[in-house]
Each structure stands twice: as C-alpha cells, then as structure tokens.
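Fresh page in the notebook. I want to get my bearings in this structure, jotting things down as I look them up.

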Amino acid sequence: MPASASASHSLGAELKADPAIASAIDTIVERVAERSAQITDVRPAREGASESYEALMKRAAATKGRDLLYPYIGSGLGNGALVELADGSVKWDMISGIGVNFFGHSHPEIVRAQVESSLEDTTKHGNLLSGFEAYRFAETLLAEAQKNSRLSQAFITTSGAMANESAIKVCYQKNAPASRVLAFRNCFMGRSVTMCQIGDSAGGRQGIPLTTQVDYMPFWNEEAAAKLGGKKAFIDHARWRLEQYIERYPGMHACFIFELVQGEGGFNTAPREFFVELMEICRAKGIAIWDDEIQSFGRLPRMFAYEQYDLGDYVDVFCVGKMTQACATLYTDEYAPKPGLLSGTFTGATSEFTVGTRIIEMLRDGDYYGDTGLIAKHHDAFRRLSKAMMDKHPDWFPKVPFYPENPGGIGGMMRFTPFGGDRAKIQAACKACFEEGVVLFYCGHGPYHMRMLPPLGVMKLEDWPRVFDRIEAALARVASR
Ligand SMILES: Cc1ncc(COP(=O)(O)O)c(C=O)c1O
C-alpha cells in the first residue's frame, strides 16, 4: 500500500488498508499472472480474428485521419517482453512504446500498483489540489537524482515535451533577458511549438513559424574527428564554434540543451571530454546546462546519463519522462522558478505516480547498473548477436559513411544499420520485422538505423537468440527484393 495511506489517519487510509481489498488485489494480480504465463512465444493471429481486428484498425485509423503506422492494437495482456495484440497474435516488443514499458507487459508489480491506484477518489491530481502520490513520486525521483547531482526540486507534468517546455521557461527566467538557445545537431525534444523548432528535423516543424532563436553545435562524430586529426582536434573545433556564437550574441544565450545520448537523432554517444569542454564554457558564461534524459533515463549502465558520463555537478536543469510514466523537470536551488511560472491543471493520474514510483524503486533495488549489471549484459548480448548476423550476411551491411560503429548505441539504446541506412529499406525492414513477430522502430535522420528500446527490466538474456532469428528472417525478405 502507498506510504501516504498508512501515514495518515482517515477513512481513505482505512479503505486502502482493508484486508478484503488487499485480498481482492492479490486475486487480480494472481489472475493476471495466470493468463500472462500462457503467453510463451510469438504466434500468429487466432483463427477468425482477422476480420474484427481489421475493423478495429479501421476505426482507429478513422479517428486519426490516416492509417496506423503499425497494425498494432494491444489486447491488454503480455508476458515480459512478449505482447499480445487484440487478434490474439503475440510479438516480441523491442521498442516498448518508444521507451515507456521498461518492465514489459503485465508485470505483477505494475499491475498491483495500477490496481491500488484505482482506489483513489479522483483519477487525476493537480497543481492546486493533489493526493500525496504525486509528491511521493517526486520524492523518490529526487532521492535518486540527488545522489550525484545538485538537483533539488521537481515540477511534475504530463509529457516529455511539457517537461522540456517547463525547463526552457526556468532557463529563460533565470537568465533573462537572454533569449537564445544552444542545441546539438540531430537533437530531439518533443512536439510542442517551441520544442519542434529546437529539434533538428525539418519535417517536424514544417509550416511552424520560427520564433525561437537556436544556434546549432556539431555533435560528436568519431569519423569526423578522425578526419579533423583526432579527438582533441574535434573538441577544439567545437569549442571554437561555441565561442563564436557567444561572441556573436554576447549574454544572449539562456541555455545549452544537452541530450547526452541522442535518441531520435540516432542513438549517438560522445566522450565525456567533449561534454566537459562545452559545459565548462557554459558554466563560465552563466548559460544554463539543461540535460534532457527523457529517452535515456534508466536504460544506460548507470541510472542517469549524467552519472554515466560523470557530469552531475554541471547539470542545472534536467528532464525525465517515458519509462517514469509521469514526467518531470528538476532544477537546482539556483534555477528554482519564481511562483507563477510553472503550473497547469494536471500533474497526472494516480496510476502514473504509483507505477512511476514503483519503477524507480525497482530500478534502484535491482541488479541493472554497473559494468557487470544486467543492462551491460543485455547490451553485450545484443552486440554479439547483431555482429554474428553481420558476419553471416556482410552484403546486407555495407559501410555507412560517418557511422562506422555498427552495431551501435549504449545500454538499452541499441541500434544496427542494414542496407546502408537507406530510409525506404529501413522502413521496409521494420515492417518485415513486425510481420515476423518483432516490434522495433527506426531512428536517425539519414542514415536511418534499426532501433531497439527493449524492456530490459524483464527481458531474459536467453530471449536474444529467439529475437534475432526473427530479425534475420525479416532482413532476408527485404534483401531478396
Ligand atoms: C530526448 C527526448 N526529449 C523529449 C521527448 C518528448 O517526449 P514526449 O513525446 O513525451 O512529449 C522525447 C520523445 O521521444 C525525447 O526522446
């Protein structure tokens, strides 16, 4: 039961502690587990299901005004990394709702947290009036964040884009009247009017008036560094570029947005020294260091990307979302906003807080992190199997200029690049994987990569060969066209 219930003296607390309710919840969790255990492998749709499934998809497409990207409508049940669709078919979920379902499908702890949350008198909590669960979520997140950073306060919100909107406001207010933003090539920050202007994708801001002033910096690239004369030469060049912007617009940069491991941009990483050089300049110039970990949080070999790169002391403002269910902007005391800057009707639904809190606890208490943690082990298994596939089919994997690392990524952010990263072929390969029973997606802006954000919280190491057998079958189909 949530701590808030046992800590108070109320009828609400009595209700949550009612043994009949506790036993009903146990029954629900057990029944879900019984059904979930029947899902053991990929399978096709059940006989006779296709017609009603087609009808469901048509209804879904009608509401959106266009076809679904994948013919995916979940049944509401799964088992670990396996998910059942509404037609009874079962697939490996290697993208987890683009990084949301790190503990997979029908996890007993998550089912329990969701059912417990259904006892609340309201569905949503707000900034004005709230039960304690929103604060418990913030407390749990801050306790982890504070282990290796100066982040001290949290604003809870409903999406990654809104967390980033709040972050940019905090940076603007502290550094007013500075109005410019520094960002990396290939960054992604969400779909709001401001965030789509900063995100480095022309398609994402088509038709949107450009009102945000963004200066783009090169992101680390191994091959470009080699061409320039090595790591130091690349870093010196980046520093020179940053200094030019600062000189051109003195005192006008409110923040530099660091996506330490780029997500949508292609699972790109950089050496610590690259970030340190740029962060030192920002710190000296009073430019806020804003760390967007909405995609990377929880799935690297350390819980926070700033821990992975030992950069926690530099971070002024930080955003998290996706696997935490509820989203949040964290900041240091120095960057705490004035009253009135951040608010909004909703902080979120109770289940987002009970589940989000439980997820952070499970990450904290499990064996996921460190050089020999589960996330590192899964990454090794991914690399071993994708390399084996590449050795077996070298013609599917021509060298991609500027992206020599294949497979690539870090921790639970995994990518590999067949067919030279050609967009149409990568999309065809994603579709073929879906048909073969593996749900994954692509990332990058050219080259395009096959991308996995697997539910490593529940995936077993022995699942990997089963997943790769199907990926290989899918790529063979695309290669033979
Ligand atoms: C790094 C990063 N920032 C922000 C966002 C936006 O989050 P949301 O889609 O929840 O608004 C995303 C989503 O993919 C992301 O990867």
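**Domains.** I started with the overall layout. The domain assignment splits the protein into domain 1 (39-99 + 372-425 + 433-481) and domain 2 (125-365). I'm keeping in mind that this is a predicted model. Taken over C-alpha atoms, the centres of domain 1 and domain 2 are 28 Å apart.

**Where the domains touch.** How many residues does the contact take from domain 1 and from domain 2? I got 22 residues from domain 1 and 21 residues from domain 2. On the domain 1 side, helix 15 (374-392), strand 13 (408-410), strand 14 (413-416) and strand 17 (449-452) each bring at least two residues to the touching side. Strand 13 gives the most there, with 3 residues. I also sorted that side of domain 1 by class, and it came out as 9 nonpolar, 10 polar and 3 charged residues.

**The sheet with strand 13.** Since strand 13 kept coming up, I looked at its sheet. It is an open sheet of 4 strands, ordered 13-14-17-16, and the pairing is antiparallel. Strand 13 and strand 16 (441-443) are the edges with a single partner strand each, so one side of each has no neighbour in the sheet. From one strand to the next, the twist averages 30°.

I then zoomed in on one pair. Strand 13 and strand 14 run antiparallel and are joined by 3 bridges. Ile410 has Met413 in strand 14 as its bridge partner. I noted a helix here too: helix 16 (residues 423-436) lies across strand 16 and strand 17, and runs at about 155° to strand 16.

**The sheet of 7 strands.** Next I turned to another open sheet, this one with 7 strands in the order 5-11-10-9-8-6-7 and mixed pairing. Its edge strands are strand 5 (153-157) and strand 7 (213-217), each pairing on one side only. Ignoring direction, neighbouring strands of this sheet are turned by 20° against each other on average.

I walked through some of the pairs to see the mix for myself. Strand 10 (residues 317-320) and strand 11 (residues 327-331) are antiparallel, with 4 bridges. There, Phe318 has Leu330 in strand 11 as its bridge partner. Strand 6 (residues 180-184) and strand 8 pair in the parallel sense over 4 bridges, and Arg180 is matched with His253 in strand 8. Strand 8 also pairs with strand 9 (residues 288-292), again parallel and over 4 bridges. In that pair, Phe256 has Ile289 in strand 9 as its bridge partner.

Is strand 8 (residues 253-258) largely enclosed or exposed? I found 6 of its 6 residues buried, so strand 8 is largely enclosed by the rest of the structure.

I checked for a helix on this sheet as well. Helix 7 (residues 133-145) lies across strand 5, strand 10 and strand 11, at about 135° to strand 5.

**Around the ligand.** Last lookup of the day: which residues come nearest to the ligand? Of the 15 residues around it, those are Gly160, Ala161, Gly190, Ile294 and Gln295. Helix 8 (residues 160-174) gives the most to this shell, with 3 residues. By class, I count 5 nonpolar, 7 polar and 3 charged residues in the shell.

Technical notes:
Residues are numbered from 1 along each chain as its sequence is written. This is a predicted model: local features need pLDDT of at least 70, side-chain atom pairs count only at pLDDT 80 or more; totals for chains, interfaces and linings use all residues. A residue is near a molecule or strand if its C-beta atom, placed from the backbone, lies within 6 Å of it. Ala, Val, Leu, Ile, Met, Phe, Trp, Tyr, Cys and Pro count as nonpolar, Asp, Glu, Lys and Arg as charged, and the others, Gly among them, as polar. Two strands pair if DSSP finds at least two bridges between them. Axes are lines fitted to C-alpha atoms, for helices over the stretch in contact, and angles run from 0 to 180 degrees between N-to-C directions. Two residues are in contact if their C-beta atoms, placed from the backbone, lie within 7 Å. Domain bounds come from an automatic or database domain assignment. A residue is buried if 20 or more other C-beta atoms lie within 10 Å of its own, exposed if 12 or fewer, and partly exposed in between; C-beta atoms are placed from the backbone.
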